[in-house]
Amino acid sequence: MPAPPASRLDRRRFLASVLGVTAATAGLSGCAEAGAAADEASLKAPPAKKVPAGTRLKISSFENFQQIQLKLAGLDDLPFEVADWLNIGAGPDVINAFRAKSLDLANNAGIPPIQAHYQGFDAKIVAINITRRPNYLFATRPGSAIRTVRDFRGKRLAFSQGQAQGVVLLRALKEAGLEYEDAELIPLTSNQFLTALQSGQVDIAPLGISQAPSYLKQYGSQGARTIPTDVVDLLNLLWAPTTVLADRAKAAAVAAYIPYWAKGAVWQYEHPDVWNREYFVKTQNLTLAQAESITELANKPLFSPNWDEAIVWEQETADLLAEGGYVKKFDVTTLFDRRFESLAAEAVPEEYRT
């Protein structure tokens, strides 16, 4: 039989290659769908009670806070290996670390998970400590005449839309009857706030209660002051990328860590003298008097076996950001992994449950 023409051979080769690619693509698609289904199933299954041997987590611990707390409390016998304690605290930095897969679990306020969702990064809240008292004070630049939140009108305000300080500022403006356009919101991250105040780049910045004493000590004689409000940032939380929570071993480690996190917070609240000396004085270079002024304002830890209040608060926060055009409106229930809902409350005495 004569050999087929070259054109027919080319067509056969072309069809074979197309069919091969199609089959391979279908196979890859099937694998992807199977992987997605497996991930979805893992995200619905209760976390394992026992952490598999060899499991490792990378956990945030800004300025060594978390590991020092656990060590002082005698809670450093974690049932898994901490591959790294990362000195990361700010929400934007945490999101970047999550994306880079250099961080598995972080401690933040309510706004970073909202910001992550807006940026298209999938992560979920796994534990909540309710905050009833303000964690932030509004500090003025040296020489400022500002006395109340109403005086913020027309002023330059340090604003970080991806951090707790940002939502505290927005809530304070709303309670004072001010619109966003009534002041100039200067986009900064919280680690830039002090420098911006000192240099006069902004007139007001929200500072953590642990930052305020040292700032006033340095600039109070030059007219800097703090303006307390009753605005709280309700949520102190743990959160993790969905990819971490879909990993059965890591999800078990996260579940195992939550009781340690809750117990550590209770220990710190019950032992302010030790905490003042060992953390604030020895590691943060504060005086004992400054440390005591911080712990006097400390929140009592409160862990709820039901997250309904937290979800309502998070929705209000997301809506507030959406009103300002900082994020798009969405249903925040997608941010909560309720498989972990009761773990923190179950680990602490009744007086620390809400």
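1. Helices here are DSSP runs of at least four residues, numbered from the N terminus. In this predicted model, helix H12 is followed by Gly325, a residue whose phi is positive, near 80°.

2. Helix H12 itself covers residues 308-323, 16 residues in all, and from its first C-alpha to its last it reaches 23 Å, which is close to the 22 Å expected at 1.5 Å a residue.

3. The buried residues of H12 are Ala310, Ile311, Trp313, Glu314, Thr317, Ala318, Asp319, Leu320 and Leu321, a list in which Glu314 and Asp319 stand beside residues such as Trp313 and Leu320. In an α-helix there are 3.6 residues a turn, so residues three or four places apart point the same way.

4. As to what these buried residues of H12 meet, they pack against two helices, H4 (111-118) and H5 (164-175), and against two strands, S4 (123-130) and S10 (235-241).

5. Strand S5, residues 136-140, is mostly covered, with five of its five residues buried. Both of its faces are covered, since Tyr136, Phe138 and Thr140 are buried on one side, while Leu137 and Ala139 are buried on the other.

6. Strand S5 is joined by five bridges to strand S8 (residues 204-208), and the two strands run antiparallel; within S8, Gly208 is the bridge partner of Tyr136. Strand S5 is also joined by two bridges to strand S9 (residues 226-227), again in an antiparallel arrangement, and in S9 the bridge partner of Ala139 is Thr226.

Notes:
Residues numbered from 1 in each chain as written. Predicted model: local features only at pLDDT ≥ 70, side-chain atom pairs only at ≥ 80, totals over all residues. Heavy atoms only, no water. Expected span 1.5 Å × (residues − 1). Buried < 20%, exposed > 50% of the residue type's maximum accessible area, 1.4 Å probe, protein only. Contact = heavy atoms within 4.5 Å. Pairing = 2+ DSSP bridges.
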